[in-house]
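This report walks through charged pairs, enclosed space, the nonpolar interior and a few points of backbone geometry. Please keep the sequence and the structure in view while reading.

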Amino acid sequence: MYKRLKMELVTNLQNLHQGDPNEALVRFIKARDENVPNAHKMLVDCLNWRIRNEIDDILSQPIVPADFYRGVRDSQLIGMSGYTKEGRPVFAVGVGLSTYDKASIHYYVQSHIQINEYRDRIIFPAATKKFERHISTCIKILDMTGLKISQLSQLKLLTVIASIDDLNYPEKTDTYYIVNAPYIFSACWKVVSPLLQERTRKRVQVLSGCGKDELLKIMDYDSLPHFCKSEGSDDNCFSLDHGFHKELYDYTNHQAKTMESRVMVSQKSFHVAFPEPDPDDEKIAQTIETEFQKLYVQNEVADDLKIKEEKK
């Protein structure tokens, strides 16, 4: 029993650091503001989380059937559009248009972790080889198109996903670029940004419009997500038909077939224990909820006054 747990721990640690243990340790130390005992606890907790939830095997657990997975992809908009000039993978997230209404929360969490693991185990090593420099961080472009007050119901799921990333994949994103931000986001951002740690706040850049001009300073046009390109671009990096998602899904299916103990016979979700949200994350989520509700009330009052004015 002890030997098996030791082997699992070693394997999990290897998958976590991907051949560069020092870099992994630095990430956890940074995530705990240079406090080494806290960083050590965070790392141990992360390894235990990986073992308990069999994260090493998650890339051999495809979400099936394909039509069901397509529904997950169509409602959880995330994809990879290319690389920056320095070699960092460019991940796009459709925050405003994601509905998360085609499956249970477990499938969306499973899908998110699979993308994280595929990024760390496959994308980063390939980028390191391609650009001939160590690549261990990505950038994320968050598209706020379509953001509505009604999306308040998604906060629980988004908080769970954010907690998983904060606790188990720290310091993996170099910069967050916010594009196509409507008024509702701008209003919330003014309140939420002071709550963020300075280290996190510096990583978030709110760009004007679709952000194309600013993003072209760090990447070529071909690497821009479709929502940052000219209208009519059909290279939708969110789609299951996009090259990134085809490769990811083919990879998980192949991994499943090569594991004798894994037989794809029915639709099955990979249940992962949800971590306790970081107190700061909870505070931010509560603040967002409060601000959304304020905006909702303001809009209701404005609409009511408009109707009364029109009746006059």
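## Backbone geometry and loops

Asparagine 180 sits in the loop that runs between β4 and α7, and its phi is near 55°, a positive value in a residue other than glycine. With a relative accessibility of 22%, asparagine 180 counts as partly exposed. The model described here is a predicted one, and the values below should be read with that in mind.

A second positive phi in a residue other than glycine belongs to glutamate 171, where the angle is near 60°. Glutamate 171 is placed in the loop between α6 and β4 (173-179), and at 12% relative accessibility this glutamate counts as buried, whereas asparagine 180, at 22%, is partly exposed. Because buried means under 20% relative accessible area and partly exposed begins above that range, the two loop residues fall into separate classes.

The backbone also contains a cis peptide bond, which leads from valine 64 to proline 65 and has omega near -5°. Proline 65 belongs to the loop between α3 (36-52) and α4.

Two other loop residues have C-alpha contacts with residues that are remote along the chain. Aspartate 222, in the loop between α9 and α10, is exposed at 61% relative accessibility, and its C-alpha atom is separated by 7.3 Å from that of glycine 82, although these positions lie 140 residues apart in the count along the chain. Isoleucine 149 is found in the loop between β3 and α6 and counts as buried, at 19% relative accessibility; the C-alpha atoms of isoleucine 149 and isoleucine 184 are 7.8 Å apart, with a spacing of 35 residues along the chain.

## Salt bridges

Side chains of opposite charge can pair when their charged atoms come close. Over the whole structure, the search returns 14 salt bridges, and the table gives some of them, with the N to O distance for each.

| Basic residue | Acidic residue | Distance |
|---|---|---|
| Arginine 70 | Aspartate 241 | 3.3 Å |
| Arginine 88 | Glutamate 86 | 2.5 Å |
| Arginine 119 | Aspartate 120 | 2.8 Å |

What does the salt bridge between arginine 70 and aspartate 241 tie together? Arginine 70 lies in helix α4 (residues 66-75) and aspartate 241 in the loop between α9 (212-215) and α10 (243-258), so this pair ties together parts that are 171 residues apart in sequence. Both partners are partly exposed, arginine 70 with a relative accessible area of 31% and aspartate 241 with a relative accessibility of 46%.

The pair of arginine 88 and glutamate 86 combines two classes of exposure, since arginine 88 is buried, with a relative accessible area of 16%, while glutamate 86 is partly exposed at 46%. In the salt bridge between arginine 119 and aspartate 120, by contrast, both residues are buried. Beyond these pairs, Arg50, Asp56, Glu117 and Arg121 are joined into one network through salt bridges that share partners.

## Enclosed space

Rolling a probe the size of a water molecule over the atoms shows where empty space is left. Three cavities of 30 Å³ or more are counted, and the largest cavity holds about 50 Å³ of space. Its lining consists of Asn15, Leu16, Arg27, Arg50, Glu117, Asp120, Asn168, Tyr169 and Lys172. The elements that contribute two or more residues to this lining are α1 (2-17) and α5 (105-131).

How do the lining residues divide by character? Five are charged, two are polar and two are nonpolar. Among the charged ones are Arg50 and Glu117, which also take part in the salt-bridge network. Domain 1 (1-53) and domain 2 (61-253) each supply at least three residues to the lining of the largest cavity.

## Nonpolar core

The largest nonpolar core has 44 residues, of which Trp49, Tyr69, Val109, Ile113, Ile164, Phe244 and Leu248 touch the most other members. Two or more residues come from each of α4, β1 (78-83), β2 (89-94), α5, β3 (138-143), α6 (155-168), α7 (183-192) and α10. Among the contributors, α5 gives the most to this core, with nine residues, and α5 is also one of the elements that give two or more residues to the lining of the largest cavity.

Methods
Residues are numbered from 1 along each chain as its sequence is written. This is a predicted model: local features need pLDDT of at least 70, side-chain atom pairs count only at pLDDT 80 or more; totals for chains, interfaces and linings use all residues. Side-chain values use heavy atoms; hydrogens and water are left out. A salt bridge is a side-chain nitrogen of Lys or Arg within 4 Å of a carboxyl oxygen of Asp or Glu. Helices (H or I, at least four residues) and strands (E, at least two) are DSSP runs, numbered from the N terminus. Buried means under 20% relative accessible area, exposed over 50%, partly exposed in between (1.4 Å probe, protein chains only). On a 1 Å grid over the protein atoms alone, a cavity is a set of points where a 1.4 Å probe fits but cannot get out, and a pocket is an open set with protein on both sides within 12 Å along at least five of seven lines; lining residues have an atom within 4 Å of a point. Grid points are joined across faces, edges and corners, and a volume is the space filled by probe spheres set on the points. Ala, Val, Leu, Ile, Met, Phe, Trp, Tyr, Cys and Pro count as nonpolar, Asp, Glu, Lys and Arg as charged, and the others, Gly among them, as polar. Domain bounds come from an automatic or database domain assignment. A nonpolar core is a set of buried Ala, Val, Leu, Ile, Met, Phe, Trp, Tyr and Cys residues joined through side-chain atoms within 4.5 Å.
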